[in-house]
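Colleague: I would like a close look at one part of this model. Please keep the sentences short, and start with the whole before the detail.

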Amino acid sequence: MDFELTQRQEQIRLAAREFAEGEFPEIAREYDRLEEFPRDLWKKACELGFIGLFIKKEYGGLGLGFLEFAMVMEEFWRVDPGCGNILLTAFGSELIQIYGTEEQKKKYLPPLTKGKAIMGTAITEPDAGSDILSILTLAKREGDHYVINGTKQFITNGSIANYLAVFCLAHPEAESRLKRFGTIIVETERHGFGATKLTGKMGIRASDTAEIRFTDVRVPRENLIGQEEGEGFSQIMQLFNINRVIAASQGVGVAQGALDKAIRYVKQRKQFGQPLAAFQAIQFKIAEMATWIEAARCLTYQAGWMI
């Protein structure tokens, strides 16, 4: 099996590196200090096709795969994670593209790639992180609507999103615990929706993170992703499968960026009349780090190729 990058994939990777190296350094520190989302940078990324590049062409994207998305994410995070997270402004669109109705795809996907809307996915709750079967946010069916009540925590894009894919208890009476959940698109301008931006994070501060509150938020039945209420758990598991690859690419990018800085430093810093890079022990350590990073990159690319 051949895992070599195609010429187009290599061009995408180099374009992402050029954009990140050209745009991020001048603004990254300031947006991190202000804990502010870099909206102008996001607009530029949309214009170049980086946002939602896995979205099909008929819905405004480039129609590429999650391998290409992981490659771009790595290059962005290599320069700065906070600015790099602008790629997650379409987080949740994967669910709509895979499971949504044609009407949902036409309504919610094109604005994401055109810089007209931001999306997020609301899963985590104060008492339910990795254990998503313990979430308590309830979507009660009332006629042709759902009435949603609950709280979500640590939601990326929570205070800047135009709509969210919300993981809820939509069918709590189902016998199977795995069939009790649904994912519902909630527009953030709806009455009863509230978001509080979280500040003072230890890092990635240019990425918006918020606590979300739903107080009798009424959403039409047509906003349910999928055909039945009980499909939410399997949908989120598929999203996690995709996101694990993307998270891996973020880690590879940060590691590569750190190694790049370390190499620059040992070439400049001198001890005993010569650069640190001239010492064999330093050379061995740099080579070892580079080997581990390349191994992680290969595994990430393979996983992205298989999604």
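What percentage of the 307 residues of the protein chain count as buried? After that, please look closely at strand S3 (residues 145–156).

Modeller: This is a predicted model, in which local features need pLDDT of at least 70 and side-chain atom pairs count only at pLDDT 80 or more, while totals for chains, interfaces and linings use all residues. Residues are numbered from 1 along each chain as its sequence is written, and side-chain values use heavy atoms, with hydrogens and water left out.

Your question comes first. Of the 307 residues in the protein chain, 48% count as buried. Buried means under 20% relative accessible area, exposed means over 50%, and partly exposed lies in between (1.4 Å probe, protein chains only).

Now the whole chain. It holds nine helices and nine strands. These are DSSP runs, numbered from the N terminus: helices are H or I with at least four residues, strands are E with at least two. The C-alpha trace spans about 80 × 45 × 35 Å along its principal axes. The radius of gyration of the protein chain is 21 Å, which agrees with the value near 19 Å for a compact globule of 307 residues. That radius is taken over C-alpha atoms, and the globule rule is 2.2 Å times the number of residues to the power 0.38.

Look next at contacts, meaning heavy atoms within 4.5 Å. Take those in the protein chain with a separation of 6 or more. Residues 24 or more positions apart account for 72% of them.

Now to your strand. Phenylalanine 154 sits in strand S3. Is this residue buried or exposed? Phenylalanine 154 is exposed, since its relative accessible area is 56%. Check its backbone too. Phi of phenylalanine 154 is near 60°, a positive value in a residue other than glycine. Most residues other than glycine have a negative phi.

Threonine 156 also belongs to strand S3. At 21% relative accessibility, threonine 156 counts as partly exposed. Which residues does it touch, leaving aside neighbours within four places in sequence? Threonine 156 is in contact with Gly120, Ser207 and Asp208. Threonine 101 is another matter. It lies 55 residues from threonine 156 along the chain, and their C-alpha atoms are separated by 24 Å.

Strand S3 has a link to strand S7 (residues 209–220), where glutamate 211 is placed. Glutamate 211 has contacts beyond its neighbours within four places in sequence, among them Thr151, Lys152 and Gln153. Those numbers fall inside residues 145–156, the span of strand S3. Further contacts of glutamate 211 include Gly194, Ala195, Thr196 and Leu198. Glutamate 211 and glycine 194 are 17 residues apart in sequence and 8.3 Å apart in space, C-alpha to C-alpha. Glutamate 211 itself counts as partly exposed, at 24% relative accessibility.

Isoleucine 204 comes in here. Its place is in the loop between strand S6 (193–197) and S7. Phi of isoleucine 204 is near 50°, again a positive value in a residue other than glycine. Isoleucine 204 is partly exposed, with a relative accessible area of 32%.

Leave the strand now, and compare a few other places. Helix H3 (residues 66–79) has 14 residues. Of these, 13 are buried, so H3 is largely enclosed by the rest of the structure. Tryptophan 77 and alanine 255 are 178 residues apart along the chain, yet their C-alpha atoms are separated by 9.1 Å. Alanine 255 is found in helix H8 (residues 232–268). It counts as partly exposed, at 28% relative accessibility.

Last stop: strand S9 (residues 274–275), where glutamine 274 has its place. Glutamine 274 is partly exposed, with a relative accessible area of 31%. Not counting residues up to four places away in sequence, glutamine 274 touches Arg269 and Phe279.

Conventions
Expected span 1.5 Å × (residues − 1).
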